[in-house]
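Subject: Structure for you to look at

Hello,

Here is the structure I said I would pass on. Please have it open while you read the notes that follow.

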Amino acid sequence: MASIMAKLPPPPPPVVVDGRKRPCGTVKKLALPAIGERQGRLAVIAKATGESSESSASLSVVKNVQNLWDKSEDRLALIGLGFAAVVALWASTNLITAIDKVPVVPSAFEFIGILFSTWFTYRYLLFKPDREELLQVINKSISDILGQ
């Protein structure tokens with residue numbers, strides 16, 4: 001169990017313009033359902049849930065990459081592949097920026113993107129069996145890439 005104590009600052013004084021007080025700097029009081037509150041202090045209590053975070057996909061991908069790094073005999077090749085991936089990302093970003101400057105092409109690409117997104121949603125995300133098929137394809141691709 002963790003708790004955080006925060007001291008809230010007092011509201012700023014009203015701004016005086018031309019001899020008149022303007023309520024620009026006033027702060028409205030809000031009713032907050034606080035666990036413990038006294039004299040400008042607010043206590044927040046956070047509790048961890050019983051679920052394990054190890055079941056998340058991102059954690060398993062990180063573990064797979066760590067295992068791949070540990071099992072690798074040619075780490076220089078892995079570093080080269082990582083560098084090539086960064087260079088490819090940089091080059092593709094510059095290519096897209098150059099294409100984006102052509103007047104008609106961005107509108108056409110936007111239309112194609114809308115059509116593809118609609119098709120992808122209908123094909124893979126709309127119905128439960130299709131979502132399961134997509135998950136199987138993704139897991140198979142990940143295992144093929146990582147060599148499992």
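A residue is called buried when its relative accessible area is under 20%, exposed when it is over 50%, and partly exposed in between. Ile-138 has a relative accessible area of 40%, so Ile-138 is partly exposed. The same three words come up throughout this email. Please also keep in mind that this is a predicted model.

The chain as a whole

The protein chain has five strands and four helices. Read from the N terminus, the order is β-β-β-β-β-α-α-α-α. Of the 148 residues in the protein chain, 5% are buried. The exposed area of the protein chain is about 13300 Å², and 65% of that comes from carbon and sulfur atoms. If you take the contacts between residues at least 6 apart in sequence, 39% of them join residues at least 24 apart.

Helix H1 and helix H4

Ile-138, the residue used above, is in helix H4. Together with Val-61, Val-65 and Ile-142, Ile-138 makes a nonpolar surface patch of about 280 Å². Which helices supply at least two residues each to the nonpolar patch? They are helix H1, residues 57–71, and helix H4, residues 128–146.

Helix H1 also holds Asn-64. Is Asn-64 buried or exposed? The relative accessible area of Asn-64 is 19%, so Asn-64 is buried. Leaving aside residues up to four places away in sequence, Asn-64 touches Leu-146 and Gln-148.

The aromatic residues

There are five aromatic pairs in the structure. In one of them, the ring centres of Trp-119 and Tyr-124 are 6.1 Å apart and the planes stand at 85 degrees, so this pair is edge-to-face. The angle decides the name here, because planes over 60 degrees apart count as edge-to-face, while those under 30 count as stacked and the rest as tilted. Another pair is Phe-120 with Tyr-124: the centres are 5.1 Å apart and the planes are at 45 degrees, so the pair is tilted.

Phe-120 and Tyr-124 both belong to helix H3, residues 105–125. They are four residues apart, about one turn of the helix. Phe-116, Trp-119, Phe-120 and Tyr-124 form one aromatic cluster.

The members of this cluster that I looked up have these accessibilities. Tyr-124 is buried, at 17%. Phe-120 is partly exposed, with a relative accessible area of 27%. Trp-119 is partly exposed too, at 44%.

Tyr-124 has one more neighbour to point out. Arg-123 lies over the face of the Tyr-124 ring, 4.6 Å from the ring centre.

The salt bridges

Side chains of opposite charge can pair when their charged atoms come close. In this model the count is three salt bridges.

Arg-123 appears again here. The side chain of Arg-123 meets that of Asp-130 in a salt bridge, at 3.8 Å from N to O. The cut-off for a salt bridge is within 4 Å, so the pair of Asp-130 and Arg-123 is counted. Arg-123 also forms a salt bridge with Glu-133, where the closest N and O atoms are 3.1 Å apart. This pair links distant parts of the chain, since Glu-133 is in helix H4 and Arg-123 is in helix H3, 10 residues apart. Arg-123, Asp-130 and Glu-133 are thus linked in a network of salt bridges.

How do the residues of this network differ in accessibility? Asp-130 is buried, at 18% relative accessibility. Arg-123 is partly exposed, at 27%. Glu-133 is partly exposed as well, with a relative accessible area of 30%.

A further salt bridge joins Lys-140 and Asp-144, with the closest N and O atoms 3.1 Å apart. Lys-140 and Asp-144 are four residues apart in helix H4, so about one helical turn separates them. At 52% relative accessibility, Lys-140 counts as exposed. Asp-144 has a relative accessible area of 48%, so Asp-144 is partly exposed.

Where to start

A reasonable place to begin is Arg-123, since Arg-123 lies over the face of Tyr-124 and is part of the network with Asp-130 and Glu-133. After that, turn to the nonpolar patch of Val-61, Val-65, Ile-138 and Ile-142.

Regards

Technical notes
Residues are numbered from 1 along each chain as its sequence is written. This is a predicted model: local features need pLDDT of at least 70, side-chain atom pairs count only at pLDDT 80 or more; totals for chains, interfaces and linings use all residues. Side-chain values use heavy atoms; hydrogens and water are left out. Buried means under 20% relative accessible area, exposed over 50%, partly exposed in between (1.4 Å probe, protein chains only). Contact means heavy atoms within 4.5 Å. Accessible areas come from the Shrake-Rupley method with a 1.4 Å probe; for residues, only the protein chains shown count as cover. Rings of Phe, Tyr and Trp (its six-membered ring) pair if their centres lie within 6.5 Å; planes under 30 degrees apart count as stacked, over 60 as edge-to-face and the rest as tilted. A charge sits over a ring if NZ of Lys or CZ of Arg is within 6 Å of the ring centre and within 35 degrees of the ring normal. Patches are made of residues with over 30% relative accessible area and no salt bridge: like charges are joined within 9 Å, nonpolar side chains (Val, Leu, Ile, Met, Phe, Trp, Tyr) within 5 Å.
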